[in-house]
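Have the model open in your viewer and follow along. We'll go from single residues to pairs, and then out to a whole chain.

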Amino acid sequence: MRVGLFVTCLVDMMRPSVGFSTLQLLERAGCEVVVPPTQTCCGQPAWNSGADTHCQDLARKVIDTFLEFDYVVVPSGSCAGMIRNHYPEALKDDHTYHSRALSLAKKTYELTQFLVEIAHATEFSAKYKASACYHDSCSCLRELSVREAPRQLLAKVEGLELKPLKDSDVCCGFGGLFSVKYPEISERMADDKISDAKDTDSSLVIGPDLGCLLHLAGRAARRGETLKFRHIAEVLANCPHPSIGEGT
Amino acid sequence: MTQNPRAFREASKQAVHDPRLKQALGRIKGHFQLARRFASSDFPDFEALRDQGAAIREHSITHLQPLLAEFEKSVTSRGGKVHWARDAAEARQVVIEILKRSGARRVTKGKSMVSEEIGLNDALQAHGIEPIETDLGEYIIQLRHEPPSHIIAPAFHLNKEDVAETFRGAHRNLDPSRDLSERSALVSEARTMLRAAFEGADAGITGANFLTAREGAALIVTNEGNGDLTRLLPRTHIVVTGIEKVVPDLNAASVLLRLLTRSATGQPITSYVSVMSGPHSPELSDGPREFHVVLVDNGRTRLLGTPAQEALRCIRCAACLNHCPIYGAVGGHAYGATYPGPIGAALNPNLLGISQAHHHPNASTFCGRCAEVCPVKIPLPTIMRYWRAREYAAGLPPLSNRAGLGLWAFAAKRPQLYRLITKLASRILKRLSRDGRIHALPLAGGWFAIRDLPEPEGKTFMEQLKSS
Ligand code: SF4
């Protein structure tokens, strides 16, 4: 199957290793992976800001770029959720693009869900010696109903002890532009998440969304915590890169 | 009480750093979240009940005219009277006229958010009528001259020590050395004070959780039974409520009651459900001689036909507040409006005007927990986003935000330009990093106020892919 990989704007600029890890995982799952070079951003910041025209323009571009593939895979719950749930809504008055948005929505998947439910690939002979907890992103949980897939994948990682995180369905306080509009509220939410993670005695927090991870890692660094943060694709692909915020 | 977006940022900053408030809000989890979880998982098919509830409410708000007409007819046939108020001012005026005509000087009140919405207490006082709140939480905040901070637990922002302090200050004729360290002592002191108020009241004002069109009844649920005393003891009983509270009949209301109590406090049913359907009839010994229902529109019909219409389905259970991480961090007062939290975010831009209330729909990460627990399945984040679109279209976000978004979108639509900018940006960010992170950047105060930015790799994914 031909898979279009949408790396997302954050991964492209801040953490390419997540993109390469995803690419590797998809190829090992037997997919023919194409990375369209004209991709940029899914338009979520515009959508969440109510800037509908900007969002519609970007949505149409993403549709033009990715409609040809059998599947589109995104290493992010929030960007996958944007395409799956909000493109059809954003383009509901566009007679040409609405039906295209619906067919793109049907074939777009968040990485872990795709690996488990579509590619049926869970074995990547990954090794990671650490005790870790998993931070579900809200969009994975509530926009895409992804809960088991990442846990199933992480259970196969040799040396990794996954500890249950308290209040794992509670938001970490990122919320895109929310994190800069209301930093103090965002801070409280991040601090709660960080203390819950520390309470598990884990040294590592794994997540499916780079946005949450940059926010949490940035806050943890500011507080002087030693907790490490990684995207799930990196853990599954044995990515040799230092963890987020540990330099290069 | 109306605030603006800037005031909200200030108030929320203070709120998150207030240790007493943090302690009070810490009770949300045990008090409400776990209780709701048990109550909903206890019920055989809670999801089906939610669907049923949503359908009843959707039917009701899309058939308001015939249902309200039927309601009025039923109330009138029993000797009650229905009054219509287009806005808050009309509603206050109607209530005051009824009270003046009956010569009322003191009124007892049951908890009513609509009464808060229309600012009834201040208006009563201005006309020389003394309102006495009889719900324990409302009584406490009335003594403190504060608005409610939660739609079903008005004094939720207070700890029992705060309440003891308030009582000592207010009940000066009691023994100053009395022991108020236990909740039960506080409750019994309030009971004693309130009993006197009930006896001397000329009129009682309550809200309503539901109005049933067929029976012409107003239903209220309480846990203290104060609703019954408020409506039964005085000569005159006035129900003040929103027009959207109407449902077809008692059967429909009973489905919603099951949802309401489980979603609100996790109880299968509250301690008291009062059904009020008219003035006292000759064969009954008690009950009011006059029964009035004041139906308040105050912008509700304006929501019909808009993408925010579904907010009218709300049954004010507060589950969305109780599961909102923003509400849980800042509490109700920071919002500066009668309705805080997600339901406030859905209602306030219409109620107060978008320019006064655009911070409400922005005070959300769109985490979606509110919609997940809402018993009548209101798509709260979708409605908040609709208001953000209205805000954006009205040019309300600061120019710097709009210009930033515009520039970013301009580049994101042009892949070649975008590649160039991101290539440069990631090099610059890499240069500025120390120990794996960036500590500050100009024009990014919001991010760096509380966190660092982890160091980027220095070359974008697209660049690296090309050269690999
Ligand atoms: S919006 Fe839903 S959850 Fe919130 S108060 Fe209303 S009915 Fe309850």
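B:Lys377 is partly exposed, with a relative accessible area of 28%; here buried means under 20% relative accessible area, exposed means over 50%, and partly exposed is what falls in between (1.4 Å probe, protein chains only). This is a predicted model, so local features need pLDDT of at least 70 and side-chain atom pairs count only at pLDDT 80 or more, while totals for chains, interfaces and linings use all residues. As for bookkeeping, residues are numbered from 1 along each chain as its sequence is written, chains are lettered from A and ligands numbered from 1 in the order in which they are written, and side-chain values use heavy atoms, with hydrogens and water left out.

Back to B:Lys377, which sits in the loop between α20 (369–373) and α21 (380–393) of chain B. Helices (H or I, at least four residues) and strands (E, at least two) are DSSP runs, numbered from the N terminus. The backbone of B:Lys377 has a positive phi of about 50°, although the residue is not a glycine. Its side chain makes a salt bridge with B:Asp51, and the closest N and O atoms are 2.8 Å apart. B:Asp51 belongs to helix α4 (residues 46–62) of chain B while B:Lys377 is in the loop between α20 and α21, so the pair ties together parts that are 326 residues apart in sequence. With a relative accessible area of 41%, B:Asp51 is partly exposed. A salt bridge, by the way, is a side-chain nitrogen of Lys or Arg within 4 Å of a carboxyl oxygen of Asp or Glu.

Where else does a residue that is not a glycine have a positive phi, this time of about 55°? Look at B:His145, in the loop between α9 (136–143) and α10 (160–170) of chain B. B:His145 is exposed, its relative accessible area being 74%.

Now for the salt bridges in general: there are 42 of them over all chains. In chain A, pick out A:Asp191 and A:Arg219, whose closest N and O atoms are 2.7 Å apart in their salt bridge. A:Asp191 lies in helix α11 (residues 183–199) of chain A and A:Arg219 in helix α12 (residues 210–223) of chain A, so this pair ties together parts 28 residues apart in sequence. Buried or exposed? A:Asp191 is buried at a relative accessible area of 16%, and A:Arg219 counts as buried too, at 8%.

Over in chain B, B:Arg86 and B:Glu90 form a salt bridge with closest N and O atoms 2.7 Å apart. B:Arg86 is exposed, with 62% relative accessible area, whereas B:Glu90 counts as partly exposed at 23%. Return to chain A and you'll find that salt bridges sharing partners join A:Glu187, A:Asp191, A:Lys198, A:Arg219, A:Arg223 and A:Glu225 into one network.

While you're in chain A, find A:Leu177 in the loop between β6 (158–163) and α10 (178–181). A:Leu177 is partly exposed, at a relative accessible area of 37%. Leaving out residues up to four places away in sequence, A:Leu177 touches A:Pro45 and A:Ser49, where contact means heavy atoms within 4.5 Å. The C-alpha atoms of A:Leu177 and A:Ala46 are separated by 9.9 Å, with their positions 131 residues apart along the chain.

Next, helix α10 of chain B. Its buried residues B:Asp162, B:Val163, B:Ala164, B:Thr166 and B:Phe167 are worth highlighting. The buried residues of α10(B) pack against α2 (19–25), α9 and α11 (183–200) of chain B.

What surrounds the ligand? Of the 13 residues around the ligand, B:Cys314, B:Cys317, B:Ala318, B:Cys320 and B:Cys374 come nearest; a residue is near if one of its heavy atoms lies within 4 Å. The shell divides into 12 nonpolar residues, no polar ones and 1 charged. In that scheme Ala, Val, Leu, Ile, Met, Phe, Trp, Tyr, Cys and Pro count as nonpolar, Asp, Glu, Lys and Arg as charged, and the others, Gly among them, as polar.

Finally, zoom out to chain B. Its secondary structure comes to 25 helices and 12 strands, and its C-alpha atoms fill a box of roughly 95 × 60 × 45 Å along the principal axes. Of the 468 residues of chain B, 57% count as buried.
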